[in-house]
Amino acid sequence: MLDFNPLYSSPQVAAIEQFIHRHYPLAGPVSCRMLQRGLNDVYLAVASNGERYVFRLSHRRARGPADVKTETAFLAHLAQSGVPVAAAIPTHEGSLFVEGQAPEGVRQAVLFRAIEGRKPDTADAGDARANGKTLALMHDAAETFQPDGSLYRLDLEHLLHRPLARIGDSGVVEDAEVRSDLEDIAARTAKAIEAFGDLTSTYCHGDCHGFNARINDAGEAVFFDFDDGGPGYLAYDLSVFLWAQTSFGRRSTAMWDAFVDAYRAVRPITPADFEAAHRFVIVRHIWLMGEYASRAQEWGSETVGWIAREANFLKTWETERCVDRLFSIQACSAAGASE
């Protein structure tokens, strides 16, 4: 019996190699090295014939067990539809994912073929357009995908209300006034989004910020990292790219314009979805804050201390990009009606 039960363990690399050999039809022996430890554990796996793969071991999640059944089924559907994505490699038994026991409990694992290509350039409009095009192709293909019991619904409860509760429960935000500001901003944002009423639903990538892709030789953005996806608001899926251009001190929207233009070249965006995407930037930021707050017991309060400072960004965004924008839209509408 352990004196200190783990919240989150890191397997030995040899154990990962043995696990892959046991479950997947790769040319052995397989050599692995860890690429990333965090929201997931990610390993590069190289077979003896030189073929490269990425092995992902899901972390415990505040939002519930990793929904790898729906995720990998969606990836298979996208690949069959010709959308450039990193689909899962089947096991010996034909399953697209497998589970293994860790000291903290069951963890889900998926093996992907490594994507060839380069990382996107943050200042390259062509790369932004490639991301926009692939997201549009993905949403087109999503219209014929039927999720089978998806665990995650990217609604306001999942994206906004529960993350806000995690921030409060974590104790990271000690200032009562800041907590009140966050609650007020969240309430106003939820009300504004609900007021749209007719927002488009789709199966979302959930994390299309521009870097969950590789640009291949054909200039396509090949998507990966779908584990935050699920049925939800199309406006939210769009908003993540805008958020990535304007959060944490970034202020440029040039790449967002390129991204949207490329998306619209494949499929239209309704005015309501486009306007709602600006509101969903706040939702995205609070979602991320909640994800990190839920890890405070593992990573330490100092590591997630930035959360307490983010109310200023949210208030500024709400004032400059939502309220002022709304007034501008209303003014244009009124002027058009008077002509």
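**Cores, rings and charges in a predicted model**

In this predicted model, arginine 113 touches Glu51, Arg52, Tyr53, Ala86, Ala87 and Ile89, leaving aside its neighbours within four places in sequence.

Q: In which strand is arginine 113 found, and is arginine 113 buried, partly exposed or exposed?
A: Happy to start here: the strand spans residues 105-113 and is β5. The relative accessibility of arginine 113 is 42%. Buried means under 20% and exposed over 50%, so with 42% arginine 113 counts as partly exposed.

Q: How far apart in space are arginine 113 and arginine 321, C-alpha to C-alpha?
A: Along the sequence, 208 residues separate arginine 113 and arginine 321. In space, their C-alpha to C-alpha distance is 40 Å.

Q: Which helix gives the most residues to the largest nonpolar core?
A: Let's look at the core itself: it has 80 residues, and Leu182, Leu238, Trp256, Phe259, Phe280 and Ile307 touch the most other members. The top contribution is 13 residues, from the helix at 271-293, which is α8.

Q: Which residues does phenylalanine 280 contact, leaving aside its neighbours within four places in sequence?
A: Phenylalanine 280 is among the residues of the largest nonpolar core that touch the most other members. Leaving aside neighbours within four places in sequence, its contacts are Leu156, Ile193, Leu199, Tyr233, Ala235, Tyr236 and Ser239.

Q: How many residues are in the second, separate core?
A: Leu26, Val30, Tyr43 and Tyr53 are included in this second core. Its count of residues is 17.

Q: Are the rings of phenylalanine 74 and phenylalanine 145 stacked, tilted or edge-to-face?
A: The model has 16 aromatic pairs. In this one the ring centres are 5.0 Å apart and the planes meet at 50°. Planes under 30 degrees apart count as stacked and over 60 as edge-to-face, so at 50° the pair is tilted.

Q: How many residues apart in sequence are the parts that phenylalanine 74 and phenylalanine 145 tie together?
A: Phenylalanine 74 is buried at 0% relative accessible area, and phenylalanine 145 is buried at 11%. Phenylalanine 74 belongs to helix α2, whereas phenylalanine 145 is in the loop between α3 and α4, so the parts tied together are apart in sequence by 71 residues.

Q: Which arginine has its charged end over the ring of tryptophan 243?
A: Tryptophan 243 is buried, at 6% relative accessibility, and is in one aromatic cluster with Phe248, Tyr292, Trp299 and Trp306. The charged end lies 4.6 Å from the centre of the tryptophan 243 ring and belongs to arginine 284.

Terms used
Residues are numbered from 1 along each chain as its sequence is written. This is a predicted model: local features need pLDDT of at least 70, side-chain atom pairs count only at pLDDT 80 or more; totals for chains, interfaces and linings use all residues. Side-chain values use heavy atoms; hydrogens and water are left out. A nonpolar core is a set of buried Ala, Val, Leu, Ile, Met, Phe, Trp, Tyr and Cys residues joined through side-chain atoms within 4.5 Å. Buried means under 20% relative accessible area, exposed over 50%, partly exposed in between (1.4 Å probe, protein chains only). Helices (H or I, at least four residues) and strands (E, at least two) are DSSP runs, numbered from the N terminus. Contact means heavy atoms within 4.5 Å. Rings of Phe, Tyr and Trp (its six-membered ring) pair if their centres lie within 6.5 Å; planes under 30 degrees apart count as stacked, over 60 as edge-to-face and the rest as tilted. A charge sits over a ring if NZ of Lys or CZ of Arg is within 6 Å of the ring centre and within 35 degrees of the ring normal.
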